[in-house]
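Q: I should like to learn how to read cavities, cores, domains and pockets from a structure. Could we go through them in turn?

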Amino acid sequence: MTDLLQLLFAGLSQGAVYALIAIGFVAIFTVSGVINLAQGEFAALAGLVAISAAGGGMLLPAAAVLAVSTVAIVAVVMERLVIFPVRGMTTLVSLILTLGVSTGLKALMLLIYGPDAKGLEPLFPGAFDLAGVSIRYQELLILAVAGVVALAVYWFYEKTLAGKSLRACAEQPVAARLVGISLSRASLLSFLIAGCVGAIGGVLASPIYFTGWESGLTLGLKGFVAATLGGLVSVRGAVLGGLLLGVLENLTAGYISTGLRDAVAFFLLIVVLVARPSGIFGRHAEARV
Amino acid sequence: MRRTAPARAAALLAALTLGLAACAESESGGGGGGGGAADESGPIKIGAVLDITGAGASLGVPERQALELLASQLQEEGGIDGREVELIIEDNQSTEDGAAKAINKLVNEDEVDLVLGASRTGPSLAMRPVAESNQIPMISLAANQAIVDGSEWVFKTAQNDRVVIERMIDYMADQGHTTIGLARDASGFGEGVQEMFDEIGAAEGISVVAAEKFAPDATDFTAQMVNLRNAAADINVIWGIPPAAGLAQQAYVQLGIAAPVMQSHGIGNQVFLDTAGDSAEGLVAPLGRLVVADQLPEDDPQADVINEFVEAYTAEYDQGPSTFAGHAYDGWQLAIDALREVGTDKQAVRDHLEGLEDVVGISGTFTMSPDDHSGLTKEALVLVTVENGAWKLLPDQGTGG
């Protein structure tokens with residue numbers, strides 16, 4: 001029982017990181033049909049910026065803010081330089097373009113930060129025992145912040161005018177345009193959101209899971225699978241997908257074989273794409289975002 | 001006209017990506033020097049294939065630094081018999097296919113006289129058939145004995161996992177442990193380790209009762225450690241390289257496993273101490289003497305060689321060398337020694353390497369033979385623990401040393 005709880009908890013905190021990355025995929029895909037393969041690199045870059053800022057003597061919260069703002073700027077610049085100028089964007093074109101950005105960002109990170117993976121100093125180091133389950137404070141922080149961010153994003157889409165206009169773009173692009181919503185601004189905003197949540201995920205994950213120039217690949221893949229589990233169009237689905245993936249990975253590693261851990265994501269991906277392409281939590285095209 | 005914008009963006013992006021890739025390439029291949037056309041009296045060429053990026057970066061980077069340092073030292077001395085020695089370093093990105101590609105390039109395009117590398121077992125195994133079929137001497141810097149088992153042209157400098165395990169079993173027997181829980185690297189470095197513990201431990205009645213694996217780039221070790229905790233062995237062994245080995249060590253301590261823990265010789269660098277942090281305190285690992293250079297007794301036969309290298313390396317890079325830098329030093333010295341003695345005739349170099357006797361290096365004292373292309377015994381290793389974040393020679397070296 002203790003083991004099950006231990007594995008569940010480790011899975012949840014890992015899953016929360018996947019969930020944040022997944023929200024980024026969803027935010028961008030719903031607005032413009034772009035699948036942003038550089039989403040994982042946002043997280044890796046944020047982790048590396050935070051590590052080097054903290055290493056340079058900056059206070060941890062300040063380093064985290066710096067990391068998130070840097071990545072937000074990178075995301076916005078990326079949208080203006082690479083996505084915005086392309087007319088008639090299709091998902092396939094977006095894959096090729098963002099793969100290029102991802103490769104470029106990786107090369108940049110390797111040049112600037114070197115090849116070694118490092119961990120950010122945790123804000124609250126240490127761990128405590130609860131009924132035999134060892135819990136790191138950082139894991140609680142991941143869950144808490146991820147929860148707040150997910151709620152904030154949800155609230156933004158449901159309750160604010162800007163959020164509603166993004167949903168309008170997602171559901172009826174032509175009609176949205178007719179009522180005066182700027183698709184260009186919506187796309188920019190979606191990249192800003194994706195950059196911020198991805199960066200927050202990257203900074204949160206760094207103390208436990210470490211960050212190197214290559215970390216984005218795995219994070220991005222897992223985040224993408226999590227988003228797909230939720231049908232790629234639902235924030236709620238993305239969060240649930242992320243948590244489910246994290247937990248299943250850990251249970252598989254604990255009870256079946258540690259070698260199968262990374263296979264879980266792809267197995268799930270295939271099953272979902274074949275059996276329920278709209279996502280396991282989805283109710284078909286309704287209730288986008 | 002509509003096309004211009006995307007075309008421009010795509011071209012810009014492509015240019016950016018390629019430009020960056022080119023930068024990365026020239027960075028990692030930077031030790032090469034001039035590389036002019038090779039003629040008969042031209043430079044002697046030594047190729048090196050290292051894990052400079054990817055999972056093995058913590059090994060490959062110090063190895064590259066050590067090789068570049070030694071190459072420039074040799075340059076200042078005027079090369080070998082007036083012939084310049086050119087070092088060409090390739091990054092295999094810690095992959096097997098990258099390593100095979102790199103050695104093919106070195107052998108076919110650069111026409112090197114000898115190959116060093118790779119840093120880890122998997123890539124080294126991928127290079128071996130190329131070295132054997134092209135009949136070119138190769139000195140691997142990696143650990144697994146399979147790299148040189150039955151080889152003709154391949155040698156290695158890192159201590160064999162077999163002698164490491166012998167040393168660990170000696171220690172366990174001294175301490176009265178009989179059951180081992182093992183968490184091992186799932187790549188080449190950890191391959192066959194469990195079987196070897198069982199085989200060598202059999203004489204002492206020691207066996208592995210639980211075995212877990214982790215990918216070299218794994219980040220979460222909860223599952224493995226929970227299973228080790230349940231196995232409740234007398235002693236646990238984590239067999240990997242940092243950062244994975246450091247993260248595994250953290251998880252081990254975090255999950256409150258009471259049994260003592262040993263690590264392998266894969267952790268002999270500062271990166272491990274940084275990643276494992278406080279959790280490393282008190283672990284025991286068999287490592288080369290390099291990490292405890294300042295604590296060696298003065299009459300230690302390796303003390304002079306080690307101290308001289310530590311001094312030169314620290315002066316150049318502002319940080320002490322890791323054991324991996326030491327493996328690279330040994331590989332380089334064995335190569336240079338052979339080239340100096342017998343010239344660039346490949347067969348002669350190979351025969352010379354096989355006949356080496358009592359060559360004092362950083363990782364140990366090498367004595368090669370046709371049956372043993374590794375040349376080190378368990379005396380090459382000392383038991384080391386971690387105290388206050390630094391390596392400390394274990395006062396009780398047990399019966400093995």
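Q: What volume does the second largest cavity have?

A: Let us begin with the status of the coordinates: this is a predicted model. A cavity is a space where a probe fits but from which it cannot get out. In this case the second largest cavity has a volume of about 50 Å³. In total, the structure holds four cavities of 30 Å³ or more.

Q: Which residues line the second largest cavity?

A: The lining is made up of A:Arg136 and A:Ile208 from chain A, and B:Thr219, B:Asp220, B:Phe221, B:Leu247, B:Gln250 and B:Ala251 from chain B. Helix α8(B) supplies the largest share of this lining, three residues. By class, the lining divides into four nonpolar, two polar and two charged residues.

Q: What is the volume of the largest cavity, and which residues lie nearest its centre?

A: The volume of the largest cavity is about 120 Å³. Its lining has 15 residues, and B:Leu59, B:Ser119, B:Ala143, B:Phe189 and B:Phe324 are those nearest the centre. Eight residues of this lining are nonpolar, five are polar and two are charged.

Q: Which domains of chain B give residues to the lining of the largest cavity?

A: One first needs the division of the chain. Chain B is split into domain 1 (43-158 + 310-370) and domain 2 (161-295 + 381-393). Each of these two domains gives at least three residues to the lining of the largest cavity.

Q: How does one describe the relation between the two domains, and how many residues of each are in contact?

A: Two descriptors serve here, a distance between centres and a count of contacting residues. The C-alpha centres of domain 1 and domain 2 of chain B are 27 Å apart. Across the boundary, 17 residues of domain 1 of chain B contact 19 residues of domain 2 of chain B.

Q: How is a nonpolar core to be read, and which residues have the most contacts inside the largest one?

A: The general idea is that in soluble globular proteins nonpolar side chains tend to be buried together. Here the largest nonpolar core has 80 residues, and B:Ile46, B:Leu116, B:Phe221, B:Met225, B:Phe272, B:Trp332 and B:Trp391 have the most contacts inside it. Helix α11 (residues 323-342) of chain B provides the largest share, nine residues. Domain 1 and domain 2 of chain B both contribute residues, so this core lies between them. Apart from it there is another core, of 49 residues, which includes A:Ala19, A:Phe156, A:Tyr157 and A:Tyr209.

Q: Which residues does B:Trp332 touch, leaving out those up to four places away in sequence?

A: B:Trp332 touches B:Ile46, B:Leu67, B:Leu70, B:Ala71, B:Leu74, B:Val85, B:Leu87 and B:Leu116.

Q: How should one read the packing of a single helix, and which residues of helix α7 of chain B are buried?

A: As a general point, an α-helix has 3.6 residues a turn, so residues three or four places apart point the same way. In helix α7 (residues 222-231) of chain B, the buried residues are B:Thr222, B:Ala223, B:Gln224, B:Met225, B:Val226 and B:Leu228. These buried residues pack against α1 (2-32) and α10 (235-256) of chain A, and against β6 (179-185), β7 (207-214), β8 (235-239) and α8 (244-254) of chain B. Just after α7(B), B:Ala232 adopts a positive phi of about 50 degrees.

Q: How does a pocket read in comparison, and which residues lie nearest the centre of the second largest one?

A: A pocket is an open set of points rather than an enclosed one. The second largest pocket holds about 800 Å³ of space. Among its 29 lining residues, A:Pro122, B:Gln250, B:Thr275, B:Ala276 and B:Gly277 lie nearest the centre. Helix α9(B) gives the most to this lining, with five residues. The lining has 15 nonpolar, eight polar and six charged residues.

Q: Where is A:Pro122 found, and which residues does A:Pro122 contact beyond its neighbours within four places in sequence?

A: A:Pro122 sits in the loop between α4 (91-113) and β1 (127-130) of chain A. Its contacts beyond those neighbours are A:Leu60, A:Gln138 and A:Pro207. A:Pro122 counts as partly exposed, because its relative accessibility is 25% and that class runs between 20% and 50%.

Conventions. Residues are numbered from 1 along each chain as its sequence is written. Chains are lettered from A and ligands numbered from 1 in the order in which they are written. This is a predicted model: local features need pLDDT of at least 70, side-chain atom pairs count only at pLDDT 80 or more; totals for chains, interfaces and linings use all residues. Side-chain values use heavy atoms; hydrogens and water are left out. A nonpolar core is a set of buried Ala, Val, Leu, Ile, Met, Phe, Trp, Tyr and Cys residues joined through side-chain atoms within 4.5 Å. Buried means under 20% relative accessible area, exposed over 50%, partly exposed in between (1.4 Å probe, protein chains only). Helices (H or I, at least four residues) and strands (E, at least two) are DSSP runs, numbered from the N terminus. Domain bounds come from an automatic or database domain assignment. Contact means heavy atoms within 4.5 Å. On a 1 Å grid over the protein atoms alone, a cavity is a set of points where a 1.4 Å probe fits but cannot get out, and a pocket is an open set with protein on both sides within 12 Å along at least five of seven lines; lining residues have an atom within 4 Å of a point. Grid points are joined across faces, edges and corners, and a volume is the space filled by probe spheres set on the points. Ala, Val, Leu, Ile, Met, Phe, Trp, Tyr, Cys and Pro count as nonpolar, Asp, Glu, Lys and Arg as charged, and the others, Gly among them, as polar.
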